[in-house]
Structure formats: C-alpha cells, structure tokens
Amino acid sequence: MDYQFNFGVVWDSRNLLLSGLALGLGLAAVSILIGCVIGLIGAFAATSRSRVARGLASAYVTFFRNLPILVILLFVFFALPRAGIRLDKTDSFVASLSVYAGAYLVEVFRAGILSVPKGVVEAGTALGLRPMQIRRLLVFPLMLRNILPALGSNFISLFKDTSLAAAIAVPELTFYARKINTESFRVIETWLVTSLLYVFTCTVIAFLLRRLEARLRLP
Amino acid sequence: MDAFLQQLWIARRALLDGAWLTVQISVVSIVIGTAFGVLVGLALTYGPRFLRWPTRLYVDFIRGTPVLVLVLAAFYILSVIGIQLTAVQAGIFALAVFCSSHVGEIVRGALEAIPKGQIEAAKSLGLNFRLTILLVLLPQALRQILPSWVNTGTEMVKASTLLSVIGVTELLLATKEVISRNYMSLQFYLFAAAIYFLVNFAIERLGKSLGCRMALKGAR
C-alpha cells in the first residue's frame, strides 16, 4: 500500500465542513424541538383515558418507527408535491426528521409520565386543579428530569441522522464530504476527518448532557 | 388505482429483485455483524486491558459515526487501499461493522447484568473460562440480548436503504428507478413504505413474543 496522505485539500475546505456540521446541528435541534411537541402530545394521548386517543398514538408510533428515514424523506421531498404539498429541501428534511423523531419521543415522554408517582396527580386533584393544569404544572416539570438522558441520546442519534439530508442535496457535513471526495480524490483523508468530526461532536454533546444531568439532579 | 396496479405489474420483477436484495443484504450483515459483535462484547467485558481499550475505541468510533458515512467511507476507501469489492459487498461490510458495535454493546450490557456469584459458582465447580462463558454466562445473557437484538434487526433493514446511495439496487433504489419511468412517485413510495413497514413490524412482533416467552416465570 503506497498511499500518500495529504490533508491539505481537506484543511482548505475546513470552512465548508464546519458550516455543514453547524447546519447538521441546527437541523437536529429544530427537529427535536418539533419532535418534542409531537412526542408530548402523543404521550399524553397514549396515557389518556380515551381509547381512540390511545389507539391513534400507538398507531403513529408503530408506523413511523418501522419506516426507514430515507423512505420518509424521499416521500416528503418527491411525492408530496404531487399531492399539492410543496416543501423545499431543508423543510422537507426537517419535516421528515421531526415526524420520525416524534415517534421515538412519544415513547420517551410516555415513560416519563409514568415515572411520575401517582400520588402527585392525586394530590393535584385534591387541590382542585384541572387535568390540564395537573399535566402542565406537576407532571411535566417532574418528568423532565427523568427523561433527560433518553432525550439526550435521541438528540445524538438525530444529529447522526442529519447525514441523510445529503441524499436530497441539503449542504450539511456528509454532502460536503462527498463533494470534496469526488473533487479531490483524497478519499481516506476526507472520510476520516468527516467521521472524526461526527464522533467528536457526539462526544461533546454527550459530555455536556452529563454535566446538565448532574446539575439538575435532586439532592 | 388501475393505472397503479398496471404499472406495479409491469415493474414486478424489478421490485421483487430489489426486495430480495434487501433481504439478502440485511440477513448477511446481521449474521456477520452479530458473530463479530459477540466477540466485541466479550472483549469489552472480560478482555485483558490491551484488548479492551482498542475495542472500546472501535465501538465508540463506529457508534459516533452516521451509518451513511460508514457506507460511503467503506465504498470509497476500500477500493483505494486495494480491496476490490462490489458496491453490495462494501455496503454489507459497512452495515456489518455498524451491527457489530451495537451487538457488542448489547452483549456487554447483558453480561455485566449477570450477578458475580454465577462466575464464582462456575469457578468453584471447576469450569474453565471458556466453559464458564459457554455454559453459564451466554445462556443467561441470551434472555436479555434477544429482545434488543431483534430490535437491531429492524435497524439493519432500515439501514439497508442507505445502500441505495452507493448505487445498490435494493428495494428503495429499485422503487426510485420504477418511479423515474412512470412518474407515479406518490403511489410507489407509499408501496415501498408499506413493504418496509410490514417487514419491520413482523420483526418487532417476533421480538416482543420472544421476549415474553424467554422472560423468567415470576419475573414479569
């Protein structure tokens, strides 16, 4: 093997790679926010008394968890315009990743709601709070602490999933890596640096989340 | 609907071939990945230090990298360093590597959950290390491993769609090609989604029923 390493080309494109990384983080952040809204609504539906709401929530979770994101993404980007829903590529990606994330987050939030002791809800009822007030004022803040680790690992895996945006030419890290790869043929350097960037970012996020958890832990 | 059925009939060969390739890719990468993953899990739990550290590094590196990047890297890098593989083989290699790191973590978690008394009991019975693993630890770990392992199965079927990016005509790329002929994107993407859903749903169901059957009596 007489491969000459030359990181010059990759170093010259550092701004592109970093902007791609930032876009990936942004896409993941927006998607997890929308996903959290979906997840929260879904989780309250999944734990409600209404059978219809429970059925709908479980159908949503089962359906989207069992689909590849790439299929959802291509459907949203290429097929939905046929049905009159036009989104540009970034919006398509955020929409796809959000519904996908939502399906996982429903389960996360559901576990969170169930982790809140029943006595808290009963205490709220005894105080004369309405069901929505109990959810907003008691259950939600209490469960947040319990689900933080799961939320964090979901964010990390969403961040990794943003690499799929390259499939519809959203200019994030993997997109630029492919571009540099085909333009310079510095194959090993490009992919080594790209995956190191992903690994490094994931490690940093995981570290920050652990700090946050330690800080929020009840004495 | 009639038009769709007619197009579906015309495209049946292409789609069936694609679906068959998806099944092959998933099965082969799961088998290789699992075999390697069990070794990774053992190395992480019981390996000597000089083995444990590189394995830890391997697992963390692979798990921190998106599967798509693994697939692209395998596709491009392997040919540059002189390993000539077809796109399918390179893709299977990437998926197997991905699978091995996940299975490795699952196995490690299950092995660490086994009470230490079990190893001590095996030692006092005079079993050597290999027999302890084969007869005492792995059978007990299996109870925990199986449900999550089946989950990895659905992950691998989902990840197999990424091979469409490097030009492997599995179900998704086959669907794309059919759509580029007849422009019925709505119907055919839904059709592909339905197939992926059914396959994964079946695997998930299988995992759940296995989990129920393997749970210890009274443990649930």
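**Exercise 1.** How many residue pairs are in polar contact between chain A and chain B, both at pLDDT 80 or more?

*Solution.* This is a predicted model, so the confidence filter matters to the reading. Apply the filter, then look for N or O atoms within 3.5 Å. The count between chain A and chain B comes to seven residue pairs. Now test for salt bridges. The rule finds zero across this interface.

**Exercise 2.** Find how much area chain A and chain B bury between them, and which residues of chain A lead.

*Solution.* Start with the total. The two chains bury about 3200 Å². Next, split it by atom type: 75% lies on carbon and sulfur atoms. Then rank the residues of chain A. N66(A), V71(A) and W191(A) supply 18% of the area that chain A buries against chain B, more than any other three residues.

**Exercise 3.** Describe the side of chain A that touches chain B, by element and by class.

*Solution.* Count residues first. Chain A brings 34 residues to the contact, and chain B brings 33. Next, list the elements of chain A that give two or more residues: helix 3 (51-65), helix 4 (69-79), helix 5 (89-115), helix 8 (173-184) and helix 9 (187-216). Helix 9 of chain A gives the most, with nine residues. Finally, sort by class. This side of chain A has 23 nonpolar, seven polar and four charged residues.

**Exercise 4.** State the model's scores and the confidence in chain B.

*Solution.* The model scores ipTM 0.90 and pTM 0.90. Chain B averages a pLDDT of 92, and 98% of its residues score at least 70. Among the elements of chain B, helix 5 (residues 87-112) has the highest mean pLDDT, 96. Helix 7 (residues 129-159) of chain B has the lowest, 90.

Notes. Residues are numbered from 1 along each chain as its sequence is written. Chains are lettered from A and ligands numbered from 1 in the order in which they are written. This is a predicted model: local features need pLDDT of at least 70, side-chain atom pairs count only at pLDDT 80 or more; totals for chains, interfaces and linings use all residues. Side-chain values use heavy atoms; hydrogens and water are left out. Contact means heavy atoms within 4.5 Å. Buried area is the accessible area (1.4 Å probe) that two parts lose on being put together, summed over both. A salt bridge is a side-chain nitrogen of Lys or Arg within 4 Å of a carboxyl oxygen of Asp or Glu. A polar contact is a pair of N or O atoms within 3.5 Å; within protein, one must be able to donate a hydrogen and the other to accept it, and residues adjacent in sequence count only if both atoms are side-chain atoms. Helices (H or I, at least four residues) and strands (E, at least two) are DSSP runs, numbered from the N terminus. Ala, Val, Leu, Ile, Met, Phe, Trp, Tyr, Cys and Pro count as nonpolar, Asp, Glu, Lys and Arg as charged, and the others, Gly among them, as polar. pLDDT is the predictor's confidence in each residue, from 0 to 100.
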